[in-house]
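I opened my notebook to a fresh page and pulled up one protein. Here is what I looked up, in the order I went.

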Amino acid sequence: MGLRDRQARIRDGLNARAVVLGSPRFLGSGDGWASIGTTRVSVHLRLAVRVNGRAPYAIEHTCRAPADKRPFPGQILPVVVDRSNPDRVAVDWDACPTLAEYANRLIERNRGRH
């Protein structure tokens with residue numbers, strides 16, 4: 001389900017950030033990696049959600065992530081939080097970098113540090 005479908009259900013949403021706590025648990029695959037040809041993977045996450053002006057709070061969240069944007073521990077994800085039920089969130093996968101883009105940013109950032 002894409003963010004658009006989720007946002008249709010989160011009618012009154014707040015933009016926020018969520019940090020992935022611990023290792024995400026990938027569902028339905030033995031070692032957590034999608035089989036070749038799978039574009040989305042089901043994943044169970046523990047998230048620390050940060051909404052402006054509120055104390056951070058932890059939630060459990062299960063969703064389908066694009067296979068090339070698999071979440072990892074410590075990653076900061078853009079999310080939309082339901083104003084009336086802060087435990088309901090939708091990850092904005094469109095705004096997340098792919099694993100390759102993320103790696104390239106780290107390499108660029110570390111280039112001039114030797």
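**Entry 1: burial.** I first wrote down what "buried" means: a residue counts as buried when its relative accessible area is under 20%, as exposed when it is over 50%, and as partly exposed in between. I also noted that this is a predicted model. Then I looked up the share: of the protein's 114 residues, 36% are buried. I checked the surface too, and the protein exposes about 7,200 Å², with 49% of that supplied by carbon and sulfur atoms.

**Entry 2: the parts list.** I found two helices and five strands. Reading along the sequence, I noted the pattern α-β-β-β-β-β-α.

**Entry 3: the sheet.** In what order do the strands of the open sheet lie? I read off β3-β2-β1-β4-β5, with antiparallel pairing. The edges are β3 (57-66) and β5 (89-91); each has a single partner strand, so one side of each has no neighbour in the sheet. I also looked up the turn between neighbouring strands, which averages 45° when direction is ignored.

Next I looked at one edge. Strand β4 (residues 76-82) and β5 run antiparallel and are joined by three bridges. I picked out one residue of β5, V89, and found that V89 is the bridge partner of V81.

**Entry 4: contacts along the chain.** I looked at contacts with a separation of 6 or more, and 66% of them are between residues 24 or more positions apart.

**Entry 5: salt bridges.** How many salt bridges does a search of the whole structure find? I got four, and I followed up three of the pairs.

- D12 and R83 form a salt bridge, with their closest N and O atoms 2.9 Å apart. This pair links distant parts of the chain, 71 residues apart: D12 sits in the loop between α1 (3-9) and β1 (13-27), and R83 in the loop between β4 and β5. D12 is partly exposed at 43% relative accessible area, and R83 is partly exposed at 41%.
- E60 and R46 meet in a salt bridge of 2.9 Å, N to O. I placed E60 in strand β3 and R46 in strand β2 (residues 40-50), 14 residues apart. E60 counts as partly exposed at 45%, and R46 does so at 40%.
- R88 pairs with D82, the closest N and O atoms being 2.7 Å apart. Is each partner buried or partly exposed? R88 is partly exposed at 31%, whereas D82 is buried, with a relative accessible area of 6%.

Definitions and conventions
Residues are numbered from 1 along each chain as its sequence is written. This is a predicted model: local features need pLDDT of at least 70, side-chain atom pairs count only at pLDDT 80 or more; totals for chains, interfaces and linings use all residues. Side-chain values use heavy atoms; hydrogens and water are left out. Helices (H or I, at least four residues) and strands (E, at least two) are DSSP runs, numbered from the N terminus. Buried means under 20% relative accessible area, exposed over 50%, partly exposed in between (1.4 Å probe, protein chains only). Contact means heavy atoms within 4.5 Å. Accessible areas come from the Shrake-Rupley method with a 1.4 Å probe; for residues, only the protein chains shown count as cover. Two strands pair if DSSP finds at least two bridges between them. Axes are lines fitted to C-alpha atoms, for helices over the stretch in contact, and angles run from 0 to 180 degrees between N-to-C directions. A salt bridge is a side-chain nitrogen of Lys or Arg within 4 Å of a carboxyl oxygen of Asp or Glu.
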